[in-house]
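Dear colleague,

Please find below the structure I am handing over to you, followed by an account of what was found in it. I would be grateful if you read the two side by side.

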Amino acid sequence: MSPVDYLEKLQTAEPGLAEDVAELASLYQRKLWHQLTLKVEDCFSKSDFNKGELPLEFYNNFINDFGHKINLLKLSQFAVHVAKHIPDAQQTVAFLQGVAEHLKEQKLPRSEQPLLFLKMHVAQQKLEMGSVQDCKVWCTAGACAVHRLMLSLPLYQHVAKTSITTPPCIVLPAVIIDLACLPYCN
């Protein structure tokens, strides 16, 4: 089913969303990706778009189609929003991991931060499920990714060379990572 067909079906099934859905379809057809991103964000802020399975269906049938054309961090934020509406924790983890895998497979530039964002939310979900060891694995991988990202920044390279103080702590969802405690990450 094409994204426009899905929106037409949604418009019929949910008459209260008709105006928003029509605007989404118009922006999609005109390929106004930034405006479409803003409209999706606006729709997700409304309770009518967050009922039952609608967020997941909306993501899978609509957002997933143009996700590679919008800011990837915003796409990851949409995925995390959708994940919060999935009642089963295992399905939530599977969904977030699937989105991360999809991003990796596309090999798009500047996907490191969105992938890190998704990984940290998987770690948070694992912690909430009581899988502390899995959470530690995900957090360590995330900490290494943060370290690599920071080393690529010219300002951090300068500070790292000249500073004799303790490296900064990084606050991520549900964890605090002290870079001084990390083994060297490859």
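In helix 2 of this predicted model, the buried residues are D20, V21, L24, A25, L27 and Y28. Viewed down the helix axis, these buried residues fall within an arc of 165°, so they line one face of helix 2. E19 and Q29, on the other side of the helix, are exposed. The buried residues of helix 2 pack against three elements: helix 1 (3-13), helix 3 (33-44) and helix 4 (54-66). Helix 2 itself covers residues 18-29, 12 residues in total, and spans 16 Å from its first C-alpha to its last, close to the 16 Å expected at 1.5 Å a residue. Just after the helix, K31 adopts a positive phi of about 55°.

As to the chain as a whole, it contains nine helices and two strands. Read from the N terminus, the order of the elements is α-α-α-α-α-α-α-α-α-β-β. The chain has 186 residues, of which 40% are buried. Of the contacts between residues at least 6 apart in sequence, 55% join residues at least 24 apart. The exposed area of the chain is about 10,700 Å², and carbon and sulfur atoms supply 55% of it.

I turn next to the nonpolar cores. In soluble globular proteins, nonpolar side chains tend to be buried together. The largest nonpolar core here has 40 residues, and those touching the most other members are V40, F58, F62 and I63. Two or more residues of this core come from each of helix 1, helix 2, helix 3, helix 4, helix 5 (72-83), helix 6 (89-106) and helix 7 (112-129). Helix 5 gives the most to this core, namely seven residues.

Which residues does F58 contact, leaving aside its neighbours within four places in sequence? They are Y6, L7, L10, L24, V40, F44, F49 and I63. A second core, separate from the largest one, has five residues, including L116, M120, A145 and V146.

The aromatic residues deserve a paragraph of their own. The structure holds 10 aromatic pairs. One of the pairs is formed by F44 and F58, which are edge-to-face, at 5.7 Å centre to centre and with 85° between the planes. Because F44 lies in helix 3 and F58 in helix 4, this pair ties together parts that are 14 residues apart in sequence. With a relative accessibility of 6%, F44 counts as buried; F58, at 0%, counts as buried too. F58 also pairs with F49: the ring centres are 5.5 Å apart and the planes stand at 65°, so this pair is edge-to-face. The angle decides the matter because planes over 60 degrees apart count as edge-to-face. F49 has a relative accessibility of 0% and therefore counts as buried.

F44, F49 and F58 all belong to one aromatic cluster, which is formed by Y28, W33, F44, F49, F58, F62, F66 and F78. Among these, Y28 is one of the buried residues of helix 2, while F58 and F62 are among the residues that touch the most other members of the largest nonpolar core.

With kind regards

Key. Residues are numbered from 1 along each chain as its sequence is written. This is a predicted model: local features need pLDDT of at least 70, side-chain atom pairs count only at pLDDT 80 or more; totals for chains, interfaces and linings use all residues. Side-chain values use heavy atoms; hydrogens and water are left out. Helices (H or I, at least four residues) and strands (E, at least two) are DSSP runs, numbered from the N terminus. Buried means under 20% relative accessible area, exposed over 50%, partly exposed in between (1.4 Å probe, protein chains only). Contact means heavy atoms within 4.5 Å. Accessible areas come from the Shrake-Rupley method with a 1.4 Å probe; for residues, only the protein chains shown count as cover. The expected span of a helix is 1.5 Å times one less than its number of residues. The arc is that of the directions from the helix axis to the C-beta atoms. A nonpolar core is a set of buried Ala, Val, Leu, Ile, Met, Phe, Trp, Tyr and Cys residues joined through side-chain atoms within 4.5 Å. Rings of Phe, Tyr and Trp (its six-membered ring) pair if their centres lie within 6.5 Å; planes under 30 degrees apart count as stacked, over 60 as edge-to-face and the rest as tilted.
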